[in-house]
Amino acid sequence: MTSTESSPDAGPESGADSGPDVDTGIDDETGEPGGRPFAFLVHWMTSTDSKVVGRLFIAGGVLGLLATITINIILGVERVDGDTAILDSDAWSQLIDAQRLGLVFGTALPLVTGLCIALVPIQLGARALAFPRLAALGFWLWFGGVVVAGVSLARNGGTLGLDADMVDLYIASLGLMALGGLAAATSIATTVLTTRAPGMTMRRVPFFSWSALVYALCLLLMLPVLVGTVVYLFVDHRNTREAFGGNVGILEWAGWIFTQPTTFVFAIPVFGLFAELLPVAFGKRLTSRGVVYSGLTLVAVSALAAVTQVGAFNLPWAGGGFTVDDADDLERKVRDGIPWAFFNFLPVLGVLILFGAGLALAKPAKADSDSGSGKSRVNISAAMVFVFLGAEMIFVAMIASMLHAIDDLGLQGTVFEEGVIVGVVYGIALGAMGGALHWSPKLTGRVIAAGKAAPLALLGGAGAVLASVPYMIAGFLDQPGLHQAGGLYENSDLLIWNILTLIGHGLMALAVLGFVGLVLRTSTPDPDDPDHVVPPNPWNSQTLEWITTSPAPADNFDDVPVVESAEPVLDLETASTSAGSTSATSTNKGGV
Amino acid sequence: MQALPAAPSPEPRRQLLLGASLASAAIGMLVGGMLAVWVLQRTRAHDLGQSWLPSDVTIPEVPANVMLIAFLPLCIFAQWGVWAGRRNDRGHALLALGLTGLIALMIVNAQAFVYHEMGLVVAEGAYAGMFYAVTGTYVALLLAGVIFTIIVAFRQFGGRTDGELLVAHAVFWYAMTAAFAALWYVVYVLK
């Protein structure tokens with residue numbers, strides 16, 4: 001944490017300043033590696049460029065997502081098979097742990113954190129991330145944690161593992177991943193709070209960056225508690241196993257990180273992205289920015305409050321919960337119901353505020369509707385489809401989480417829980433894919449064709465719905481969860497829901513693979529047009545990152561601009577129009 | 001696209017101070033979370049009619065109190081460093097940083113003395129494991145703080161007088177002091 005942190009890549013990139021004879025293997029303009037052997041690898045492993053570190057996180061998250069979907073498919077096949085077990089019981093317990101770990105630490109955390117690290121500095125008009133080496137350290141800590149967790153699970157570790165050393169290793173891996181998340185969160189939060197362009201007050205911060213700040217602050221409050229718990233668990237498991245009960249204690253004390261409402265925290269940037277894309281889709285300024293900021297923060301504050309008050313999260317009306325006997329019973333129910341409503345409704349309310357903002361924008365302006373000119377352009381991009389479907393999926397999971405907390409519905413311990421977390425994480429994955437699509441010009445210098453990406457969004461959306469909602473239904477039909485009877489069941493009526501879930505995971509796998517293929521193919525220069533230049537703002541977006549070149553240079557901006565409103569690109573267009581200039585927007589028309 | 005009017009490249013606004021503040025908040029959550037689990041386990045043991053502190057273990061209170069008291073001069077020296085830094089007084093800033101690091105090391109030494117005097121074996125029971133976990137985590141934070149102090153001192157020694165870094169350094173030690181005060185009360189007073 002030194003002041004030199006603020007100048008990223010002082011090593012290889014700035015080596016070019018030493019004189020023309022020094023060959024660092026790095027292109028001075030783009031900061032990308034040149035043709036020297038291993039230069040590419042070394043660049044990616046040592047770079048502190050926010051775009052590189054962010055892409056490393058995103059790539060890790062995509063690999064984690066694919067691995068987790070594979071595990072989900074294996075578990076799904078096992079459950080479609082019904083009462084006969086394909087896997088032996090040891091492998092089963094490790095797969096359960098791998099699924100949980102993969103969903104939260106393998107997918108949600110790296111995808112969302114990567115997007116934040118890669119994009120927040122450009123959105124703010126900053127030349128670099130604050131504490132870029134800390135962010136890079138965060139990636140490597142997280143990556144190390146994932147590797148250690150994988151080794152542990154492969155060798156009979158995990159929460160139900162039988163090899164004590166490997167269980168210790170599994171606990172340590174949780175700590176490593178949490179420390180990685182903490183390092184990245186510190187960097188993100190400091191970036192938003194200290195590196196904004198001149199004139200960019202907090203009320204002019206783009207919604208995605210705001211959500212990144214809220215997300216990072218939540219991680220800073222949440223993950224240290226996990227680290228402390230992990231230290232206790234490690235010492236106890238390594239020695240006496242008296243205080244926390246050995247393996248059983250791992251889920252009892254650290255399991256909250258894998259459940260709702262904790263996972264909602266990881267979804268906050270997806271909602272920020274949704275709010276970010278609304279004005280782009282409707283081609284208008286979003287005037288009620290304070291309401292949207294409040295909505296995003298409400299999701300975080302109420303989710304965080306619920307994490308700290310898990311005891312009050314549920315409605316303890318076991319038996320007769322939906323009938324009122326007498327005045328005392330009514331009073332008791334109201335007293336129990338208020339905290340339940342507080343912790344469960346407020347995150348939903350936050351999301352409803354965002355959807356409300358979208359509806360307000362969708363309403364045609366009065367002048368347009370009176371004249372019937374239909375001037376309000378609606379430009380639903382493929383990225384918007386991804387993000388909308390992801391946000392909807394998370395919203396459905398939030399409602400489901402609310403039901404899960406009602407004891408009388410008997411959903412606890414059923415596959416309903418798995419349906420909810422899969423819904424949240426697949427929603428986050430869809431949102432992250434939308435983000436990568438939207439900002440691909442800045443990250444890769446390429447535009448992914450909407451016509452090819454939109455079907456993948458629909459496929460992924462269908463996959464996410466099928467992978468989660470049937471399990472929610474099966475939960476109502478009392479299909480046990482993974483930790484109860486290994487998730488196996490005897491009621492043949494449940495088979496259809498398990499088949500549908502398996503199909504859902506398969507569709508999600510196809511969507512992710514298709515998306516990865518599309519990104520890789522698009523990233524390769526077109527042989528017919530190798531010098532194709534992507535315009536700075538192909539989507540007619542309004543925020544600051546769209547005034548720099550595509551891809552963004554190593555230090556993001558040639559000149560750091562002065563910001564005069566929350567939509568600096570629109571200001572520029574207005575100024576150009578009023579000055580009678582037609583050149584200002586000419587490069588904005590090259591959308592795909 | 002036409003560029004917006006260029007502005008001078010802005011200096012990051014209080015980046016180090018804010019980073020140190022966020023790190024301090026994280027330290028607060030770490031130690032606070034660990035102490036909350038400690039109190040919970042202690043209450044559970046009492047509810048079951050069990051003794052939380054093993055009967056053959058005596059906590060040496062004098063070195064524990066000395067550790068708490070030592071944080072007072074530590075904070076004063078850290079603030080002295082800030083004061084000297086604002087006056088570009090490199091000599092005094094270095095002296096203050098040296099004393100800050102020295103006292104931090106003395107606190108680590110006092111903690112080691114507590115371990116020695118208690119003679120507690122980590123595998124002896126629930127209390128022992130949790131005691132070493134919470135105090136050991138704090139010692140790790142202290143050592144991280146010593147490294148931070150050394151880095152700040154080297155930068156001062158090299159002529160890079162950075163007032164904000166000294167403030168961030170002081171903020172870190174204030175947070176550590178607050179965290180230790182809570183730890184002292186829960187672990188050494190309430191036991």
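This report describes a predicted model of two chains, A and B, taking each chain, the contact between the chains, and a set of local backbone features in turn.

**Chain A**

Chain A has 592 residues, of which 55% count as buried. Its secondary structure consists of 17 helices and 0 strands. When contacts in chain A between residues at least 6 apart in sequence are considered, 81% of them join residues at least 24 apart.

The largest nonpolar core holds 247 residues, and the members that touch the most other members are A:F271, A:F274, A:L296 and A:I428. Helix 6 of chain A, residues 207–238, supplies the largest share of this core, with 24 residues. A:L296 can be followed further: leaving out residues up to four places away in sequence, A:L296 touches A:F207, A:W210, A:S211, A:V214, A:I268, A:F271, A:G272, A:A275 and A:G350. Among these partners is A:F271, itself one of the core members with the most contacts to other members.

A:G158 sits in the loop between helix 4 (132–154) and helix 5 (164–194) of chain A. Is A:G158 buried or exposed? A:G158 counts as buried, because 29 C-beta neighbours lie inside 10 Å and the cut-off for a buried residue is 20 or more. Apart from neighbours within four places in sequence, the contacts of A:G158 are A:S93, A:Q94, A:D97, A:S152, A:L153, A:V167 and A:Y170. From A:G158 to A:G434 the separation is 276 residues in sequence and 33 Å in space, taken C-alpha to C-alpha.

**Chain B**

Chain B contains 5 helices and 0 strands, and its pattern along the sequence is α-α-α-α-α. The radius of gyration of chain B is 21 Å, whereas the globule rule gives 16 Å for 191 residues; the value is well over the rule, so chain B is more spread out than a compact globule. Along the principal axes, the C-alpha atoms of chain B fill a box of roughly 75 × 50 × 20 Å.

Of the 191 residues in chain B, 37% are buried. For contacts in chain B between residues at least 6 apart in sequence, the share that joins residues at least 24 apart is 83%.

Helix 4 of chain B runs over residues 126–157 and has 32 residues. The span from its first C-alpha to its last is 46 Å, close to the 46 Å expected at 1.5 Å a residue. Just after helix 4 of chain B comes B:G159, with a positive phi of about 90°.

**Contact between the chains**

How many residues does each chain bring to the contact? Chain A contributes 45 residues and chain B contributes 40 residues. On the side of chain B that touches chain A, helix 1 (15–47) and helix 4 of chain B each supply at least two residues. Helix 1 of chain B gives the largest share of that side, 15 residues. Sorted by class, the side of chain B that touches chain A comprises 27 nonpolar, 9 polar and 4 charged residues.

**Local backbone features**

Two cis peptide bonds that precede a proline in chain A, and two positive phi values at residues other than glycine, are listed below.

| Site | Angle | Place |
|---|---|---|
| A:Q260 to A:P261, cis | omega near 10° | A:P261: loop between helix 7 (247–254) and helix 8 (262–282) of chain A |
| A:S550 to A:P551, cis | omega near 0° | A:P551: loop between helix 16 (495–523) and helix 17 (568–578) of chain A |
| A:D478 | phi about 70° | loop between helix 15 (450–476) and helix 16 of chain A |
| B:N88 | phi near 55° | loop between helix 2 (61–86) and helix 3 (90–118) of chain B |

Why does A:D478 count as partly exposed? A:D478 has 15 C-beta neighbours inside 10 Å, which falls between the cut-offs of 12 or fewer for exposed and 20 or more for buried. B:N88 counts as exposed because it has 9 C-beta neighbours inside 10 Å.

Conventions:
Residues are numbered from 1 along each chain as its sequence is written. Chains are lettered from A and ligands numbered from 1 in the order in which they are written. This is a predicted model: local features need pLDDT of at least 70, side-chain atom pairs count only at pLDDT 80 or more; totals for chains, interfaces and linings use all residues. A nonpolar core is a set of buried Ala, Val, Leu, Ile, Met, Phe, Trp, Tyr and Cys residues joined through C-beta atoms within 7 Å. Helices (H or I, at least four residues) and strands (E, at least two) are DSSP runs, numbered from the N terminus. Two residues are in contact if their C-beta atoms, placed from the backbone, lie within 7 Å. The radius of gyration is taken over C-alpha atoms; the globule rule is 2.2 Å times the number of residues to the power 0.38. The expected span of a helix is 1.5 Å times one less than its number of residues. Ala, Val, Leu, Ile, Met, Phe, Trp, Tyr, Cys and Pro count as nonpolar, Asp, Glu, Lys and Arg as charged, and the others, Gly among them, as polar.
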